[in-house]
Amino acid sequence: MQNDIQEILISEEEIQQRVKELGAKLSDAYEGRNPLVICVLKGAFIFMADLVKVITVPVEMDFMAVSSYGATTKSSGVVKIIKDLDVPVDGRHVLIVEDIIDSGLTLSYLIELLRNRNAASISVVTLFDKPAGRTVSLEADYTGFVIPDEFIVGYGLDYAEKYRNLPYIGVLKPEIYSK
Ligand SMILES: O=P(O)(O)OC[C@H]1O[C@H](OP(=O)(O)OP(=O)(O)O)[C@H](O)[C@@H]1O
Ligand SMILES: [Mg+2]
């Protein structure tokens with residue numbers, strides 16, 4: 001698996017440091033608000049687990065699985081719900097936890113969905129933001145790292161379901177994509 005990596009873009013230590021900083025900001029922002037923290041599976045599962053451990057105020061959690069990439073590096077443009085939330089969001093302060101915003105399609109779909117379900121407020125924390133990929137204009141409220149126009153893997157992010165378990169963020173060798 002490590003042999004498929006061309007370059008490490010962000011180290012494990014850098015990620016852990018930034019996650020702590022985001023946790024501190026979110027702990028201030030959500031004091032006394034009992035937010036519903038929503039993990040967007042699968043990509044955000046490692047970020048979610050690390051993030052909630054450094055949030056010091058009470059939160060509730062739920063999980064939603066959506067997919068639009070499949071085994072490619074380009075969004076299919078169709079966001080499919082694989083698993084919906086278990087709890088209602090109406091009247092709740094919702095924090096969406098994403099691993100990456102690329103085209104913005106996944107997030108715009110989710111925000112619209114949660115708005116229609118009458119969430120009291122919707123904010124987004126993303127660990128990675130790739131502004132060069134955007135096809136719809138939107139920004140996260142909290143961002144870990146702005147990344148260049150590369151397809152990244154590791155720390156939950158996959159290419160064709162592989163590499164999610166790398167502890168750092170890397171870029172694959174070009175021959176892996178053309179296999
Ligand atoms: O801004 P976008 O272009 O929509 O891309 C971002 C989304 O794409 C990835 O999910 P994917 O569809 O690959 O599902 P996965 O999380 O199960 O890997 C990623 O985890 C984000 O949720
Ligand atoms: Mg994926």
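Visitor: What makes the shell around ligand 1 divide into nonpolar, polar and charged residues?
Guide: The split is six nonpolar, seven polar and five charged. Ala, Val, Leu, Ile, Met, Phe, Trp, Tyr, Cys and Pro count as nonpolar, Asp, Glu, Lys and Arg as charged, and the others, Gly among them, as polar. By the way, this is a predicted model, where local features need pLDDT of at least 70 and side-chain atom pairs 80 or more, while totals for chains, interfaces and linings use all residues. Residues are numbered from 1 along each chain as its sequence is written, with chains lettered from A and ligands numbered from 1 in written order.

Visitor: Which residues are the closest to ligand 1?
Guide: Gly43, Tyr69, Asp102, Ser103 and Thr106, out of 18 that surround ligand 1. To be near, a residue needs its C-beta atom, placed from the backbone, within 6 Å of the molecule.

Visitor: Why is aspartate 99 called buried?
Guide: Aspartate 99 has 26 other C-beta atoms within 10 Å. Buried means 20 or more within that 10 Å (exposed is 12 or fewer, partly exposed in between, with C-beta atoms placed from the backbone), so aspartate 99 is buried.

Visitor: How do you know that strand 1 and strand 9 pair?
Guide: Strands pair if DSSP finds at least two bridges between them. Strand 1 (residues 5-10) and strand 9 (residues 169-172) have four, in the antiparallel sense, so they count as paired. Here, strands are DSSP runs of E, at least two residues long, numbered from the N terminus. Isoleucine 8 stands opposite glycine 170 in strand 9.
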